[in-house]
Number of protein chains: 2
Amino acid sequence: MSNNIDFYFDFSSPYGYFASTKIDALAEKYGRQVNWRPILLGAIFKITGSGPLITIPFKSDYAVVDIPRCARYYKVPFQMPSVFPIASHVPSRAVYWVKDTDAALSRKLGRALFHAYFAENRDISKLAVTIDVASSVGIDREALASALHSPTVKEKLRHETQAAIDKKVFGSPFIIVDGTPFWGVDRFEQIDHWLATGGW
Amino acid sequence: MSNNIDFYFDFSSPYGYFASTKIDALAEKYGRQVNWRPILLGAIFKITGSGPLITIPFKSDYAVVDIPRCARYYKVPFQMPSVFPIASHVPSRAVYWVKDTDAALSRKLGRALFHAYFAENRDISKLAVTIDVASSVGIDREALASALHSPTVKEKLRHETQAAIDKKVFGSPFIIVDGTPFWGVDRFEQIDHWLATGGW
């Protein structure tokens with residue numbers, strides 16, 4: 001079993017964003033590394049019968065209160081994006097392509113993409129925006145633009161989403177530590193305790 | 001606006017049970033009281049399109065891991081009931097009937113019913129079991145048995161469930177403090193912070 005922490009998320013998920021601001025520091029505290037695994041929740045919702053928060057009666061009203069309240073509670077910069085939710089294929093593919101050669105840089109890119117979307121209201125579903133963000137963390141624009149059109153990179157995201165389905169991942173953030181699943185940024189305290197104690 | 005904390009829950013909800021073990025102490029810390037409001041989540045799920053955890057693909061597998069893990073984490077006695085979920089009309093009606101004359105006793109009854117179901121594997125959906133539990137906290141058996149057949153008490157539960165729907169309550173536990181909703185036992189830390197600071 002890998003010592004790494006698997007961090008599944010959809011770039012369109014506010015709670016995934018909150019998790020993205022804390023997970024690497026949490027892992028490092030225990031000498032672990034995080035494996036960033038962007039997925040397409042839409043494909044998973046087709047199986048579980050769920051949908052984006054904002055499409056669910058009552059839950060959508062709650063989300064409008066809870067999301068900004070959590071942002072203030074966690075003290076992370078946040079503004080609700082004007083385009084929400086988004087299809088997250090482009091930023092997800094970028095992360096996988098970078099991860100192939102540089103895992104640390106893929107984490108940095110993941111954090112930058114989440115920040116661009118949820119703190120700066122930039123629509124990262126657009127190719128040009130994802131490339132701008134990637135460039136800001138030192139990734140070559142031309143190479144990335146070319147990769148984002150590559151069938152191999154597209155297939156990688158499909159494959160990863162299917163692999164997440166096989167592990168019964170159903171939400172974002174969804175974290176697997178030592179083979180054990182934790183769903184939600186509100187499980188971080190338990191993840192911390194798990195990493196400190198080896199489970200209970 | 002009431003100073004009380006509204007605690008909505010379904011007696012069939014394990015996370016509602018976890019909340020039931022902590023909420024009165026939390027409220028008392030800030031000189032508040034808890035208004036226990038059992039509801040029938042089934043009626044609400046018809047509106048939101050959701051269902052009991054154990055009927056949802058993937059989420060049900062997660063629940064099997066997360067529920068006992070949370071019980072150990074929160075250090076509350078727990079065993080998964082052999083009959084689950086249950087229709088929670090009977091224990092809910094008992095709580096409302098008692099609350100009419102003695103709010104403190106209704107909280108004590110609520111805690112005892114949750115404990116009987118989730119710590120002692122007693123099926124509180126059954127009239128005889130709910131009456132036994134009520135009797136153990138000093139409630140008159142005959143008077144309760146008669147009340148549980150009263151149309152007024154049945155109507156009270158329908159009315160309360162509808163009132164919860166009007167407030168867009170969609171899960172268990174669901175807590176409203178100063179007009180602000182919090183969903184989930186994993187929001188207790190935020191509720192504590194809210195009560196301490198008056199909001200943020």
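A residue counts as buried here if its relative accessible area is under 20%. In this predicted model, that description fits both Tyr17(B) and Phe118(B), a pair of residues that makes a good starting point for a walk through the aromatic side chains.

The two rings have their centres 5.4 Å apart and their planes at 20 degrees. Because planes under 30 degrees apart count as stacked, the pair of Tyr17(B) and Phe118(B) is a stacked one. The pair also joins distant parts of the chain: Tyr17(B) belongs to helix α1 (residues 14-20) of chain B, whereas Phe118(B) belongs to helix α6 (residues 103-120) of chain B, and the two residues are 101 residues apart. Over all chains, the structure holds 50 aromatic pairs.

Aromatic rings also meet charged side chains. Within chain A, the charged end of Lys22(A) sits over the ring of Tyr74(A), at 4.1 Å from the ring centre. Another such arrangement brings in both chains, with Arg69(B) lying over the face of Phe182(A), 3.8 Å from the centre of that ring.

How the two chains are arranged is the remaining topic. In general, two copies of a chain are related by a rotation about an axis and a shift along it. Here, chain B is superposed on chain A by a rotation of 180 degrees with 0.0 Å of shift along the axis, and the RMSD is 0.0 Å. That is the relation of a two-fold axis. In chain B, the C-alpha nearest this axis belongs to Asp186(B), at 3.0 Å. Both copies use the same surface, since 100% of the contact residues of chain B recur in chain A.

Technical notes: Residues are numbered from 1 along each chain as its sequence is written. Chains are lettered from A and ligands numbered from 1 in the order in which they are written. This is a predicted model: local features need pLDDT of at least 70, side-chain atom pairs count only at pLDDT 80 or more; totals for chains, interfaces and linings use all residues. Side-chain values use heavy atoms; hydrogens and water are left out. Copies are superposed by least squares on the C-alpha atoms of residues with pLDDT of at least 70 in both. Contact means heavy atoms within 4.5 Å. Rings of Phe, Tyr and Trp (its six-membered ring) pair if their centres lie within 6.5 Å; planes under 30 degrees apart count as stacked, over 60 as edge-to-face and the rest as tilted. Helices (H or I, at least four residues) and strands (E, at least two) are DSSP runs, numbered from the N terminus. Buried means under 20% relative accessible area, exposed over 50%, partly exposed in between (1.4 Å probe, protein chains only). A charge sits over a ring if NZ of Lys or CZ of Arg is within 6 Å of the ring centre and within 35 degrees of the ring normal.
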